[in-house]
Amino acid sequence: MISPEVTDEEADLERSVRPKRLDEFIAQHRVREQLQVLLQGAIRRGSPPDHILLSGPPGLGKTTLAMIVAAELGTGLRMTSGPAIERSGDLAAILTGLGPGDVLFIDEIHRIAKPAEELLYSAMEDFRVDVIVGKGPGATAIPLDVEPFTLVGATTRAGLLTGPMRDRFGFVAHLDFYEPEALRHILHRSARILDVEVTDDGAIEIAGRSRGTPRIANRLLRRVRDYAEVRGDGLVTVDAARAALKVYDVDELGLDRLDRAVLRALVTSFGGGPVGLSTLAVAVGEQPDTVEEVCEPFLVRAGLLARTPRGRMATAAAWKHLGLTPPERAGQAQYDAPDIFTLDP
């Protein structure tokens, strides 16, 4: 419910609410302004802009911005993903099929195969690829020219990109989480497209539980719409939003059942920690990677959980959110953790 990853079922709906132009793209003001200057300069010169790298958590608009780049340039768009490019030949087929000035979007570019990545270097710099034909001593390299293009790469883990790959991007931007006010505007825009009546208070309530992510905000809007149509008059009000999100186990901070289970296990079973990731995962009946990749990023960002070298620890805010009173040692845990990095004189 509150996963920032897109599901197959909502892909078509998500496309319908995506902004089509830069002036429709809400928030991310610095990135939007930088892209606007970059694209307008390229249009005036009549040449493709520099290659673009977009990084940030999922659901913040990286794919949308790639589509907007192609729309602003008035060129074609070819979309693929890093895991889908397993061999260099796959990438060569895509590159040689691009038209002049086209935009190639590679999602999760940090997961591209090494041979394909090395082939991409020459394509990005020289607009040329070398295709190896044959094997062994008789193998030959056939150079193929590629039409000038713009590569837009998206990654959720910029640290996994190799240095040579990162250096070949002329423009690098990081997308931040959205403020509730920006999400409120996004929800009103999505409501108009989906023909949903939503009050301003209702939009504010949904925005506050959306974890700063437009994809989650739009998903919650659709679920609240369903509730309002089935058990109300179809109007999304603050009361309808609260009732609907209670049904779907999304609380006022945007935590779902698993998030609260992690916090509750941490404070009730382990006294606030520290506790190891594997032990905590067993306590809630989930895999360690699920707890680490799905739950912990938002819990840490919300100030409810701390990752320390000694293990996971609940902050005083976590106890308060669960309606519990922290014991003295648990309340001081968040302050005690950094002491291991200091040396007594």
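This is a short walk through one predicted protein model, from its overall make-up down to a few single residues.

Okay, let's start with the overall picture. The protein has 345 residues, and 47% of them are buried. On the secondary structure side, you'll find 16 helices and eleven strands. And if you take the contacts between residues at least 6 apart in sequence, 69% of them join residues at least 24 apart.

Now, the sheet. Five strands make up an open sheet, and reading across, the order is E2-E3-E6-E1-E7, with parallel pairing. The edges are strand E2, at 77–81, and strand E7, at 171–174, each of which pairs on one side only. Going from one strand to the next, the twist averages 15°. As a bit of background, strands of a sheet pair through backbone hydrogen bonds, either parallel or antiparallel.

Let's zoom in on one pair here. Strand E1, residues 52–55, runs parallel to E7, and the two are held in register by four bridges. If you want a spot to click on, Leu53 sits opposite Val172 of E7.

What packs on this sheet? One answer is helix H2, residues 29–45, which touches E1 and E7. The direction of H2 makes about 160° with that of E7. Another is helix H3, residues 62–73, which lies across E1, E2, strand E3 (103–107) and strand E6 (150–155). Relative to E3, helix H3 runs at about 175°.

While we're at H3, have a look at Val69, which lies in that helix. Is Val69 buried or exposed? Its relative accessibility is 2%, so it counts as buried. Setting aside neighbours within four places in sequence, Val69 is in contact with Leu35, Leu39, Ile52, Val103 and Val152. There's also a pairing across the sequence here: Val69 and Arg21 are 48 residues apart along the chain, yet 8.2 Å apart in space, C-alpha to C-alpha.

Just before that helix, in the loop between E1 and H3, you'll find Gly59. With a relative accessibility of 11%, Gly59 counts as buried because the cut-off is under 20%. The C-alpha atoms of Gly59 and Phe177 are 9.3 Å apart, with the two positions 118 residues apart along the chain.

On to the cores. In general, nonpolar side chains in soluble globular proteins tend to be buried together. In this model, the largest nonpolar core has 48 residues, and the ones touching the most other members are Leu35, Ile52, Leu65, Val69, Val152, Tyr178 and Ile206. Which helix gives this core its largest share? That's helix H9, residues 214–231, with seven residues. Apart from this core lies another one, of 24 residues, including Ala92, Leu104, Tyr121 and Ala123.

Let's follow Ile206 for a moment. Not counting residues up to four places away in sequence, Ile206 touches Leu187, Ala217, Leu220, Leu221, Val224, Val236 and Ala241. Ile206 is one of the buried residues of H8, together with Gly202, Ala203, Glu205 and Ala207. Those buried residues of H8 pack against helix H7 (180–194), strand E8 (197–198), H9, strand E9 (235–236) and helix H10 (238–247).

Right after that, between helix H8 (200–208) and H9, there's a loop that holds Ser210. Ser210 has a relative accessible area of 0%, so it is buried. Again leaving out residues up to four places away, Ser210 touches Leu183, Ile216, Ala217 and Leu220.

Next, a helix pair further along. Helix H11, residues 257–269, packs with helix H13, residues 288–301, at an angle of about 85°, and their axes are 10 Å apart. That angle is why H11 is described as roughly perpendicular to H13. On the H11 side, the contact uses Leu258, Asp259, Val262 and Leu263, while H13 brings Thr290, Val291, Cys295 and Leu299. By class, that's six nonpolar residues, one polar and one charged.

Last stop, a hairpin. Strand E10 (residues 305–308) and strand E11 (residues 311–314) are antiparallel, pairing over four bridges. Two residues make the hairpin connection from E10 to E11. And if you're looking for a bridge there, Ala306 has Met313 in E11 as its partner.

That's the tour, thanks everyone.

Note on methods: Residues are numbered from 1 along each chain as its sequence is written. This is a predicted model: local features need pLDDT of at least 70, side-chain atom pairs count only at pLDDT 80 or more; totals for chains, interfaces and linings use all residues. Side-chain values use heavy atoms; hydrogens and water are left out. Two strands pair if DSSP finds at least two bridges between them. Axes are lines fitted to C-alpha atoms, for helices over the stretch in contact, and angles run from 0 to 180 degrees between N-to-C directions. Contact means heavy atoms within 4.5 Å. A nonpolar core is a set of buried Ala, Val, Leu, Ile, Met, Phe, Trp, Tyr and Cys residues joined through side-chain atoms within 4.5 Å. Buried means under 20% relative accessible area, exposed over 50%, partly exposed in between (1.4 Å probe, protein chains only). Angles under 35 degrees count as roughly parallel, over 145 as roughly antiparallel, 65 to 115 as roughly perpendicular and the rest as oblique. Ala, Val, Leu, Ile, Met, Phe, Trp, Tyr, Cys and Pro count as nonpolar, Asp, Glu, Lys and Arg as charged, and the others, Gly among them, as polar.
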